[in-house]
Amino acid sequence: MDSRQEDKIALVRETIDDEALTRHVRAGQDGATVAFDGFVRNQSQGRATSYLEYEAYETMAIAKMKEIAERIHERFAIHRVAMVHRLGRLEIGETSVFIAVSAPHRGAAFDACRFAIDTLKKTVPIWKKEYFADGAVWADGELPPTPPSAKTAS
Amino acid sequence: MGQVTATVRITVLFFGRLRELIGLSEEVDELPEGTTLSGLFERYTKRYPKLTEFRGSMVVSRNQEFAAWDTHIAAGDEIAFLPPVSGG
């Protein structure tokens with residue numbers, strides 16, 4: 001059976017239910033789940049953060065998140081993946097991204113979860129704006145890798 | 001009689017700081033066939049000169065895939081100009 005169909009990939013605007021996602025990936029044949037819970041920090045480079053706002057190119061973000069899930073299924077001996085990012089206004093301490101991976105053995109689950117969050121931060125079109133008491137800035141971010149020329153692109 | 005130039009209709013999207021800078025998130029545009037993504041962006045910098053300084057710190061996508069700047073547009077394309085991503 002292809003476990004990829006049991007993956008849960010989503011963008012949401014409400015609180016992420018991390019417990020439900022962890023339960024979703026956990027199955028009888030597994031021996032481990034590893035979860036990454038990314039949440040809103042109370043400061044940014046020494047400035048007290050008031051709140052954050054996330055926006056996404058939603059159709060492309062979902063496509064890129066599904067690609068990441070595909071890649072970790074190919075690279076690691078894992079079972080199920082849950083990957084959810086929240087959009088809109090988030091307060092300090094609220095979860096912005098949650099990734100859970102289940103596997104028969106812990107090594108693959110750790111490696112896949114790490115790979116998933118690192119790749120999400122580099123390739124998924126989501127943007128964060130940080131609000132402070134005296135203003136707001138777009139977070140620096142990372143430039144996704146792109147083909148150098150259409151002539152060489154596959 | 002002048003030469004007839006074929007045009008293609010595409011949708012253009014701006015996100016994050018680019019969207020905010022020019023106050024435009026989406027529009028449908030009609031462009032000469034053979035226009036590259038680079039050429040498309042240049043047309044926007046003429047309308048919005050402030051965009052010019054971001055050319056080196058952004059990427060572009062064509063139909064939800066990151067694309068090279070010399071890619072040619074085709075009818076029905078969805079092109080998006082994307083600042084550095086900062087999800088997570």
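**Exercise 1. Decide whether A:Phe36 is buried, partly exposed or exposed in this predicted model.**

Step 1. Count the neighbours: 18 other C-beta atoms lie within 10 Å of A:Phe36.

Step 2. Compare with the cut-offs: a residue is buried at 20 or more such atoms and exposed at 12 or fewer.

Step 3. A:Phe36 is therefore partly exposed.

Step 4. Place the residue in the chain. A:Phe36 belongs to strand β2 of chain A, which covers residues 32–39.

Step 5. List its contacts. Apart from residues up to four places away in sequence, A:Phe36 touches A:Ile99, A:Cys113 and A:Ile117.

Step 6. For a distance across the chain, take A:Arg75. Its C-alpha is 18 Å from that of A:Phe36, and the two are 39 residues apart in sequence.

**Exercise 2. Find which residues have the most contacts inside the largest nonpolar core.**

Step 1. The largest nonpolar core has 52 residues.

Step 2. Those with the most contacts inside this core are A:Met83, A:Ile99, A:Val101 and A:Ala116.

Step 3. Take A:Val101 and set aside its neighbours within four places in sequence. Its contacts include A:Val25, A:Val34, A:Ile78, A:Val81 and A:Ala116. A:Thr33 and A:Cys113 are also among them.

Step 4. Relate this to a general tendency: in soluble globular proteins, nonpolar side chains tend to be buried together.

**Exercise 3. Check the length of helix α2(A) and state what its buried residues pack against.**

Step 1. α2(A) has 18 residues, and at 1.5 Å a residue these should span 26 Å. The expected span uses one less than the number of residues.

Step 2. The end C-alpha atoms of α2(A) are 26 Å apart, which agrees with the expected span.

Step 3. Read off the buried residues of α2(A): A:Met60, A:Ala61, A:Lys64, A:Met65, A:Ile68, A:Ala69 and A:Ile72.

Step 4. An α-helix has 3.6 residues a turn, so residues three or four places apart point the same way.

Step 5. The partners of these buried residues in chain A are β1, β4, β5, α3 and β8. In chain B, they pack against β3.

**Exercise 4. Describe the side of chain A that touches chain B.**

Step 1. The contact takes 31 residues from chain A and 21 residues from chain B.

Step 2. On the side of chain A, at least two residues each come from β4, α2, β7, α3 and β8.

Step 3. Sorted by type, the residues of this side are 19 nonpolar, seven polar and five charged.

**Exercise 5. Where are A:Gln45 and B:Asn63, and what is the phi of each?**

Step 1. A:Gln45 sits in the loop between β3 and β4 of chain A. B:Asn63 sits in the loop between β3 and β4 of chain B.

Step 2. A:Gln45 is not a glycine, but has a positive phi of about 50 degrees. For B:Asn63, also not a glycine, phi is positive at about 50 degrees.

Step 3. Most residues other than glycine have a negative phi.

Step 4. A:Gln45 counts as exposed, because 8 C-beta neighbours lie inside 10 Å. B:Asn63 is partly exposed, because 14 other C-beta atoms lie within 10 Å.

**Exercise 6. Decide whether chain B is as compact as a globular protein of its length, and why.**

Step 1. Chain B has two helices and five strands, in the order β-α-β-α-β-β-β from the N terminus.

Step 2. The radius of gyration of chain B is 13 Å, close to the 12 Å given by the globule rule for 88 residues, so chain B is as compact as a globular protein of that length.

Step 3. Buried residues make up 28% of chain B.

Methods
Residues numbered from 1 in each chain as written. Chains lettered and ligands numbered in written order. Predicted model: local features only at pLDDT ≥ 70, side-chain atom pairs only at ≥ 80, totals over all residues. Helix = DSSP H or I, 4+ residues; strand = E, 2+ residues; numbered from the N terminus. Rg over C-alpha atoms; globule rule 2.2 N^0.38 Å. Core = buried A, V, L, I, M, F, W, Y, C linked by C-beta atoms within 7 Å. Contact = placed C-beta atoms within 7 Å. Nonpolar A, V, L, I, M, F, W, Y, C, P; charged D, E, K, R; others polar.
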